[in-house]
Amino acid sequence: MDYKQLIIRGISYSQTQSGAYALLLEHEESHIKLPVVIGNFEAQSISLGLEKDIHPPRPLTHDLFSKFITSANYELISVIIYQIVDGVFFSNINFKNKSNDEELILDARTSDAVAMAVRFDAPIFTTQQVLNEAGILLELEDVAKEDQPFSETVQAEDNLISLSMEELQKLLDEAVKEEDYDTALEIQEEIKRRKKKID
């Protein structure tokens, strides 16, 4: 089957479901976006998987499963979002045994599959049918908004701007220690934004 590779464009608060997040995947060639509604825990886990330099004091469920996969001598090859039924996405996680090249395919929620893929830097694919059914093509104005750093979309931005780099680093350490990963990611984005300006 001719699969279409997707890249992660970002995670934002869901406009349609209270307390949920929208994971935005994009097919680079066509610029078609695939929005997937995910829960708070999964949004945190995906964000932490993308932010390689933030390490929780205790492993999250996806970190634990990643460790198990590696210990069992498997590697995660790819994630395939193969179907959408009544607004629910269906995904497979594809593994390969490093010893004998035996393949293992596990059914998974798309949010869990993506959280695992980011930990292994594995590609995420979908089918043309899924893109046709659930994909959207955003207007240029929407794309510009979406490209804003995560910290600029958060209300706490004003508070972070007024802090020094030392204060931000201290807050970041505290947030990670307290396992408040949403706040940690906001602070991390602010630190990155400042470092870019300096560079």
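**View 1. How much of the chain is buried.** Of the chain's 199 residues, 41% count as buried, where buried means under 20% relative accessible area, exposed means over 50%, and partly exposed is in between (1.4 Å probe, protein chains only). This is a predicted model, in which local features need pLDDT of at least 70 and side-chain atom pairs count only at pLDDT 80 or more, while totals for chains, interfaces and linings use all residues. Residues are numbered from 1 along each chain as its sequence is written, and side-chain values use heavy atoms, with hydrogens and water left out. The accessible surface adds up to about 11,800 Å², and carbon and sulfur atoms own 50% of that (Shrake-Rupley method, 1.4 Å probe; for residues, only the protein chains shown count as cover).

**View 2. The seven-stranded sheet.** The chain has eight helices and seven strands; these are DSSP runs (H or I, at least four residues, for helices; E, at least two, for strands), numbered from the N terminus. Follow the open sheet across and you meet β3-β2-β1-β7-β4-β5-β6, with mixed pairing. At the edges sit β3 (32-38) and β6, each pairing on one side only; two strands pair if DSSP finds at least two bridges between them. On average, neighbouring strands are turned by 35° against each other, direction ignored.

**View 3. Where β1 meets β7.** Strands β1 (residues 4-13) and β7 (residues 124-126) run antiparallel and are joined by three bridges. Look for Lys4, which stands opposite Thr126 in β7.

**View 4. Two mostly covered helices.** In α3 (residues 110-120), 10 of the 11 residues are buried, including Asp112, Met116 and Arg119. Just past α3 comes Asp121, with a positive phi of about 50°. Helix α1 (residues 40-50) is mostly covered too, with eight of its 11 residues buried; among them are Glu42, Ile46 and Leu48.

**View 5. A nonpolar patch and the helix beside it.** Phe65, Phe68, Leu104 and Leu106 make up a nonpolar patch on the surface, together offering about 340 Å² of accessible area. Patch residues have over 30% relative accessible area and no salt bridge; like charges are joined within 9 Å, nonpolar side chains (Val, Leu, Ile, Met, Phe, Trp, Tyr) within 5 Å. (A salt bridge puts a side-chain nitrogen of Lys or Arg within 4 Å of a carboxyl oxygen of Asp or Glu.) Helix α2 (61-71) and strand β6 (103-108) each give two or more residues to the patch. Leu106, in β6, counts as partly exposed because its relative accessibility is 31%.

Methods. Axes fitted to C-alpha atoms, helices over the stretch in contact; angles between N-to-C directions.
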